[in-house]
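Here are my notes on the model you sent round. They are set out as numbered points, to be read alongside the coordinates.

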Amino acid sequence: MIERIYILETVDPLIFYGVNNCNMQLIKTLFPKLRIVARGNVMKVIGDEEESEVFLKKVREIEKYCEEFNILSEDVIIDLVKGNGPVVVKQENLIIHGMNGKPITARTENQQLLVKAFEENDLVFATGPAGSGKTFVAIALAVKALKNKMVRKIILSRPAVEAGEKLGFLPGEMKDKLDPYLQPLYDALQDMIPPAKLKEYMENNVIQIAPLAFMRGRTLNDAVIILDEAQNTTTHQIKMFLTRLGMNAKMIVTGDMTQIDLPMSVTSGLKEAMGVLKGVEGIGKVEFTKKDIVRHKLVQRIVEAYDKFDRGKQRASKKETNNITK
């Protein structure tokens, strides 16, 4: 009789053990000759050495499946233990599996171009209208790189610019003051990583969410770095951010040129950077359009209506200027 320890390192124990420990009870049933005790992310197994080795091998396979799909059912456990392997339907343009096994895919042509540009370049600019999936796909690519151990951390940033309204004094510590600006990034992460694992990643700084101002002086190695809402950066801010890129790192910069919240007198750093860096080797560029909008169908109609309205204003302004000149 020997005692062996197995530690669940890559999955949320709540998902692995199942509701009311149903998965764990099934595993115990499938290995009746062993005494198995599970607490937290640690499993202790006592029994015959050969039987224990088989158990540990199968648990590794189950954990690997759980890590990839973020879901675990009794049928899958039975298939893996019996050596058949679960039937996995290949999903076209799959990036990763999100919560409850939901496949996160590149749904449009430009989303697929963003995936390709990320693979081929160390810096990618992704611009386009609200709801086109720029940020969501970018974060999915970062999570995939982290899961595949291509990088050691993910760094997400946003400029803390209010969208046309003054929030005034915000109570609490620094994190409490910044969270309202960074909430969209939390939302995307929560769709892809189990809560317990996400909390662990953030507590250990594997995933860092920080305002742009906190980037100064850092060199970001072995990471995927994402700057969201970059249209609201100034020239100095985006230059500072882009020069943080370190070794074995990739950077994605997203923004929507139609939603600039900077003062009228301030030039968007994103717009200027894309002009300055045009043609530089190693930099990719993907421009999303209204056709890429994957939110509620009304979002596309709203964007189109505002585009039409803006074009009308520009024509009227041009006509008024011409009349004054004459």
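Notes on the predicted model

1. The structure is a predicted model, not an experimental one. By class, the residues that line the second largest pocket are eight nonpolar, six polar and six charged. That makes a lining of 20 residues in total for this pocket.

2. The second largest pocket holds about 620 Å³ of space. Nearest its centre lie Asp256, Met257, Thr258, Val303 and Asp307. Which helix gives the largest share of the lining of this pocket? Helix H11, residues 297-325, does so with seven residues.

3. Helix H11 also holds Phe309. Phe309 belongs to a nonpolar surface patch together with Leu298, Ile302 and Tyr306. Taken together, the four residues of the patch have about 440 Å² of accessible area. Phe309 has a relative accessible area of 49%, so the residue counts as partly exposed; the cut-off for exposed is over 50%.

4. Next, the charged pairs. Side chains of opposite charge can pair when their charged atoms come close. The model has eight salt bridges under the rule used here, which asks for a Lys or Arg side-chain nitrogen within 4 Å of a carboxyl oxygen of Asp or Glu. Points 5 to 7 take up some of them.

5. Lys250 and Asp122 form a salt bridge through their side chains, with an N to O distance of 3.7 Å. The two residues are 128 apart along the chain, and the pair links distant parts of it. Lys250 sits in strand S10 (residues 250-255), while Asp122 is in the loop between helix H5 (109-120) and strand S6 (123-127). Is Lys250 buried or exposed? Lys250 counts as buried because its relative accessibility is 17%, and buried means under 20%. Asp122, at a relative accessible area of 42%, is partly exposed. Lys250 has another contact to check in space: its C-alpha atom is 9.4 Å from that of Leu220, and the two residues are 30 apart in sequence.

6. A salt bridge also joins Arg152 to Asp222, where the closest N and O atoms are 3.4 Å apart. This pair, too, links distant parts of the chain, at 70 residues apart. Asp222 is in the loop between strand S8 (207-211) and strand S9 (223-227). Arg152 is in the loop between helix H6 (134-147) and strand S7 (153-158). The relative accessible area of Asp222 is 21%, so Asp222 is partly exposed. Arg152 counts as exposed because its relative accessibility is 55%.

7. Arg158 and Asp228 meet in a salt bridge with an N to O distance of 2.9 Å. Arg158 lies in strand S7, and Asp228 in the loop between S9 and helix H9 (235-242). The two are 70 residues apart, so to speak of distant parts of the chain being linked is again in order. Both residues of this pair are buried. Which residue joins Arg158 and Asp228 in a network of salt bridges? The third member is Glu229.

8. Two backbone angles should be looked at. Asn20 is not a glycine, yet its phi is positive, at about 55°. Asn20 is placed in the loop between helix H1 (13-17) and helix H2 (22-30). Its relative accessibility is 73%, so Asn20 counts as exposed.

9. Lys149 is the other case: a residue other than glycine with a positive phi, near 60°. Lys149 is found in the loop between H6 and S7, the loop that also holds Arg152. Lys149 counts as exposed because its relative accessibility is 65%.

10. One last pair concerns helix H3 (residues 49-69), where Glu53 lies. How many residues separate Glu53 and Arg4 along the chain? They are 49 residues apart, with their C-alpha atoms separated by 9.0 Å. Glu53 has a relative accessible area of 36%, so Glu53 is partly exposed.

How values were computed
Residues numbered from 1 in each chain as written. Predicted model: local features only at pLDDT ≥ 70, side-chain atom pairs only at ≥ 80, totals over all residues. Heavy atoms only, no water. 1 Å grid on protein atoms, 1.4 Å probe; cavity = no way out; pocket = protein on both sides within 12 Å on 5 of 7 lines; lining within 4 Å. Points joined across faces, edges and corners; volume = space filled by probe spheres on them. Helix = DSSP H or I, 4+ residues; strand = E, 2+ residues; numbered from the N terminus. Nonpolar A, V, L, I, M, F, W, Y, C, P; charged D, E, K, R; others polar. Buried < 20%, exposed > 50% of the residue type's maximum accessible area, 1.4 Å probe, protein only. Patch = residues over 30% accessible without salt bridge, like charges linked within 9 Å, V, L, I, M, F, W, Y side chains within 5 Å. Areas by Shrake-Rupley, 256 points an atom, 1.4 Å probe, with all protein chains shown as cover.
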